[in-house]
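Here are my notes on this one, point by point. Have the viewer open while you read.

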Amino acid sequence: MERETQFIGQSAAFQDAVERASLAASLDRPVLVIGERGTGKELIAERLHRLSTRWDRPYVIMNCAAMPETLIESELFGHEAGAFTGATRTRAGRFEEADGGTLFLDELATMSMGAQERLLRAVEYGEVTRVGSSRPIRVDVRIVAATNEHLPALAEENRFRADLLDRLSFEVITLPPLRAREGDIEVLAEYFGQRMAAVLGWDEWPGFGPRALAAMEGHDWPGNVRELRNVIERAIYRWADPEKPVDALSFDPFASPWQPVSRKVPARAEASAPVPSSDTAPAPAPSSGPVSDLRAAVDAYEKQILSDTMARCRFNQKVAAEALGLSYDQIRHALKKHGLNQ
């Protein structure tokens with residue numbers, strides 16, 4: 001899909017961050033944008049540029065984490081021909097490309113201390129010197145930088161230059177995580193859902209079912225809006241009946257009974273509360289406590305297994321039957337017995 005600069009949300013925390021960005025845009029000062037991954041830091045940076053007096057000048061983006069430490073200074077400040085092996089011709093850096101406009105430095109905390117020192121001079125004096133040259137070049141660039149790290153803590157640990165932090169932190173906009181944006185999850189889900197339904201050519205958007213809505217609200221969203229968009233678009237793409245509300249979500253695209261087992265599985269933090277979703281694990285074994293009604297306990301366990309398997313198989317009865325080792329007629333009978341064939 002095409003990239004669009006849109007801010008969707010009604011929570012006070014989110015609206016406050018957007019308003020602060022709008023207010024800071026008109027001032028020709030550096031801005032730091034802080035937030036977890038997927039919270040929209042790049043969108044805020046672009047808003048700062050589009051609403052500034054530099055809106056018709058270059059907007060240059062550089063991801064500091066994507067650049068090897070040996071090349072980041074050359075990318076930022078340019079280099080002269082012969083400055084290092086492979087430098088066959090003179091090249092302007094990102095500062096020169098952004099002259100008169102805005103330079104957005106994403107993942108700022110990953111920048112080496114040497115590059116930070118040269119960046120400090122560029123911010124302080126408005127001058128850059130290409131690698132392999134001794135002649136400074138005047139540039140007029142506004143810096144907007146983003147990170148998901150707590151820079152003051154890094155400065156205390158001498159992992160980030162405190163004087164550079166002072167220069168860049170005229171205004172600091174901290175974006176709230178999705179879990180703190182009250183009421184925005186459903187709003188964003190509806191927006192992404194309608195867009196994906198249109199891409200797939202659905203005649204109408206049926207909305208979400210109660211189970212899907214409950215799963216959205218119960219999830220912690222560590223990937224924030226980016227994760228939400230992936231979950232919603234994946235759910236709609238996999239949904240078999242466009243006329244019925246989408247009611248099954250897959251939070252983990254890697255979840256599969258046939259996934260390869262790594263030799264060393266990294267420890268993962270468990271969620272503080274269970275999340276209802278279509279990717280739930282097989283039903284747990286019945287409690288070992290006393291059972292007063294064996295038939296009722298067996299029926300309840302059978303119903304739970306059927307319900308979980310149908311959700312994992314996206315409510316495809318044939319696939320669920322194969323997963324449970326049943327015939328198609330057997331699973332239809334079992335679903336009807338437990339009232340799950342609706």
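**Notes on the fold, from one residue outwards**

1. Let's start with T174, which sits in strand 7. Keep in mind throughout that this is a predicted model. Which residues does T174 touch, once residues up to four places away in sequence are set aside? They are A17 and I34. There is also a long hop in sequence here: T174 and G35 are 139 residues apart along the chain, yet their C-alpha atoms are 5.7 Å apart in space.

2. The I34 contact has a strand-level setting. Strand 1 and strand 7 run parallel and are joined by 4 bridges, and I34 stands opposite T174 in that arrangement. Now look along strand 7 itself, where the side chains alternate. E171 and I173 point to one face and are buried, whereas V172 and T174 point to the other face and are not buried. I'd click through those four in order, given that a glutamate is on the buried side.

3. Next, zoom out to the sheet. It is an open sheet of 5 strands in the order 2-3-6-1-7, and the pairing is parallel. Which strands are at the edges? Strand 2 and strand 7 (171-174), each of which pairs on one side only. From one strand to the next, the twist averages 15 degrees.

4. Elsewhere in the sheet, strand 3 and strand 6 also run parallel, and 4 bridges join them. If you want a residue pair to orient by, F104 stands opposite V144 in strand 6.

5. Now the packing. The largest nonpolar core has 32 residues, and the members that touch the most other members are F95, L103, L105, L108 and M111. Contributions of at least two residues each come from strand 1 (31-34), strand 2 (59-63), strand 3 (102-106) and strand 6 (142-147), and likewise from helix 3 (69-77), helix 5 (113-125), helix 6 (151-156) and helix 7 (162-168). Which element gives the most? Helix 5, with 4 residues.

6. L103 is a good place to see how that core is put together. Ignoring neighbours within four places in sequence, L103 is in contact with V60, L76, R94, F95, A98, V141, R142, I143 and V144. Two arginines, R94 and R142, are on that contact list. A second core, separate from the one above, has 25 residues, with F192, W221, V231 and L249 among them.

7. On to a helix pair. Helix 11 (residues 294-312) and helix 13 (residues 328-337) have axes that come within 10 Å and cross at roughly 115 degrees. The crossing of helix 11 past helix 13 is left-handed. On the helix 11 side, the residues that meet the partner are D299, E302, L306 and M310; on the helix 13 side they are I331, A334, L335 and K337. What is the make-up of this contact by class? It has 5 nonpolar, no polar and 3 charged residues.

8. Stay on helix 11 for T309, which lies in that helix. Is T309 buried or exposed? It counts as buried because its relative accessible area is 3%, under the 20% cut-off. Outside the four-place window in sequence, T309 is in contact with A320, A323 and L324.

9. Two backbone spots deserve a look in a phi/psi plot. E107 has a positive phi of about 55 degrees although it is not a glycine, and its place is in the loop between strand 3 and helix 5. N158, another non-glycine with a positive phi, has a value near 60 degrees and is found in the loop between helix 6 and helix 7. As for exposure, E107 is partly exposed at 24% relative accessibility, while N158 is exposed, with a relative accessible area of 63%.

10. Last, the whole-chain numbers. There are 13 helices and 7 strands. Of the 342 residues in the chain, 40% are buried. Among contacts with a separation of 6 or more, 72% are between residues 24 or more positions apart. The T174 and G35 pair from the opening point, at 139 residues apart in sequence, is a concrete example of a long separation to keep in view.

Definitions and conventions:
Residues are numbered from 1 along each chain as its sequence is written. This is a predicted model: local features need pLDDT of at least 70, side-chain atom pairs count only at pLDDT 80 or more; totals for chains, interfaces and linings use all residues. Side-chain values use heavy atoms; hydrogens and water are left out. A nonpolar core is a set of buried Ala, Val, Leu, Ile, Met, Phe, Trp, Tyr and Cys residues joined through side-chain atoms within 4.5 Å. Buried means under 20% relative accessible area, exposed over 50%, partly exposed in between (1.4 Å probe, protein chains only). Contact means heavy atoms within 4.5 Å. Two strands pair if DSSP finds at least two bridges between them. Axes are lines fitted to C-alpha atoms, for helices over the stretch in contact, and angles run from 0 to 180 degrees between N-to-C directions. A crossing is left-handed if the near helix is turned anticlockwise from the far one by less than a right angle, and right-handed if clockwise. Ala, Val, Leu, Ile, Met, Phe, Trp, Tyr, Cys and Pro count as nonpolar, Asp, Glu, Lys and Arg as charged, and the others, Gly among them, as polar.
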